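I sat down with this chain to look up how its interior is packed, which charged side chains pair up, and what lies on the surface. My entries follow in the order in which I looked.

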Amino acid sequence: AVVIDVVPEVSGYIAALGVTNTQLVEAGDMLAQIDQRPFMLEVDQARSALQSATQSVGASSSQVEIAQANLTQAEINLRNVEVQSRRIFQLEQKQLVAVAQADTMRADLAAAKSKVTGAQADLEKARQQLGDKGEDNAQIKSAIAQLGKAELNLEWSELHAPSRGVVLD
């Protein structure tokens, strides 16, 4: 006779026996069930983690949009300062404005350029924190994998006969 050892993939307390010693079973019949409550909790936790990851990615998407808007505002301000600067610099060359006013405009121009550079850096940082979008995002992939593992462990809490045979011990 061929003896097939049936060994559970997960550990826990046996909650139910579906067979008795020397009973004839068909392939797929349930032999025993390990207490499923801990595995159900793992599934619930994994689902919550997936939802949190999805919300986190959504929040990161909003951060990218905010950073993009800040960059656009900084670029518009820079263009305005550049236009004003050209006027002041032309008047300075004609000695129609004080040198101090032109110096102030130079400082304003440098500050506007600096704000654009900062806004570009903030946008890049937000994009990197977001990572890939959708299911390609690492946070979401990890949460999906954890959910899959938890569901598999729950499935493994039931031991089924691998083939037709007789139960011994």
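These notes go from the nonpolar cores to the salt bridges and then to a surface patch.

Entry 1, the cores. I kept in mind throughout that this is a predicted model. I looked up the largest nonpolar core, which has 21 residues, and noted that Val 64, Leu 71, Leu 78, Val 81, Ile 88, Val 116 and Leu 123 touch the most other members. At least two residues of this core come from each of helix 1, helix 2 (99-130) and helix 3 (138-156). There is also a second, separate core, made of 10 residues, and I listed Val 10, Val 25, Ile 34 and Ala 161 as included in it. As a general remark, nonpolar side chains tend to be buried together in soluble globular proteins.

Entry 2, two positions followed by contact. Setting aside neighbours within four places in sequence, I found Leu 78 in contact with Leu 109, Ala 112, Lys 113 and Val 116. I then turned to Ser 85, which lies in helix 1 (residues 37-93), and asked whether Ser 85 is buried or exposed. Its relative accessibility is 2%, so Ser 85 counts as buried, the cut-off being under 20%. With neighbours within four places again left aside, Ser 85 is in contact with Met 105 and Leu 109.

Entry 3, the salt bridges. The structure holds 5 of them, and I wrote down several. Arg 37 pairs with Asp 35, with the closest N and O atoms 2.8 Å apart; Arg 37 counts as exposed at 59% relative accessibility, whereas Asp 35 counts as buried at 18%. Arg 47 and Glu 151 meet through their side chains at 3.5 Å, N to O. Because Arg 47 lies in helix 1 and Glu 151 in helix 3, this pair ties together parts that are 104 residues apart in sequence. Both partners are partly exposed, Arg 47 at 45% and Glu 151 at 34%.

Glu 92 and Arg 106 also form a salt bridge, their closest N and O atoms being 2.8 Å apart. Glu 92 is in helix 1 and Arg 106 in helix 2, so the pair ties together parts 14 residues apart in sequence. Salt bridges with shared partners join Glu 92, Asp 103 and Arg 106 into one network.

Entry 4, the surface. I looked up a nonpolar patch formed by Val 2, Ile 4 and Val 6, which together have about 290 Å² of accessible area. Ile 4 sits in the segment before strand 1 (14-17) and is partly exposed, with a relative accessible area of 47%.

Notes:
Residues are numbered from 1 along each chain as its sequence is written. This is a predicted model: local features need pLDDT of at least 70, side-chain atom pairs count only at pLDDT 80 or more; totals for chains, interfaces and linings use all residues. Side-chain values use heavy atoms; hydrogens and water are left out. Patches are made of residues with over 30% relative accessible area and no salt bridge: like charges are joined within 9 Å, nonpolar side chains (Val, Leu, Ile, Met, Phe, Trp, Tyr) within 5 Å. Accessible areas come from the Shrake-Rupley method with a 1.4 Å probe; for residues, only the protein chains shown count as cover. A salt bridge is a side-chain nitrogen of Lys or Arg within 4 Å of a carboxyl oxygen of Asp or Glu. Helices (H or I, at least four residues) and strands (E, at least two) are DSSP runs, numbered from the N terminus. Buried means under 20% relative accessible area, exposed over 50%, partly exposed in between (1.4 Å probe, protein chains only). Contact means heavy atoms within 4.5 Å. A nonpolar core is a set of buried Ala, Val, Leu, Ile, Met, Phe, Trp, Tyr and Cys residues joined through side-chain atoms within 4.5 Å.
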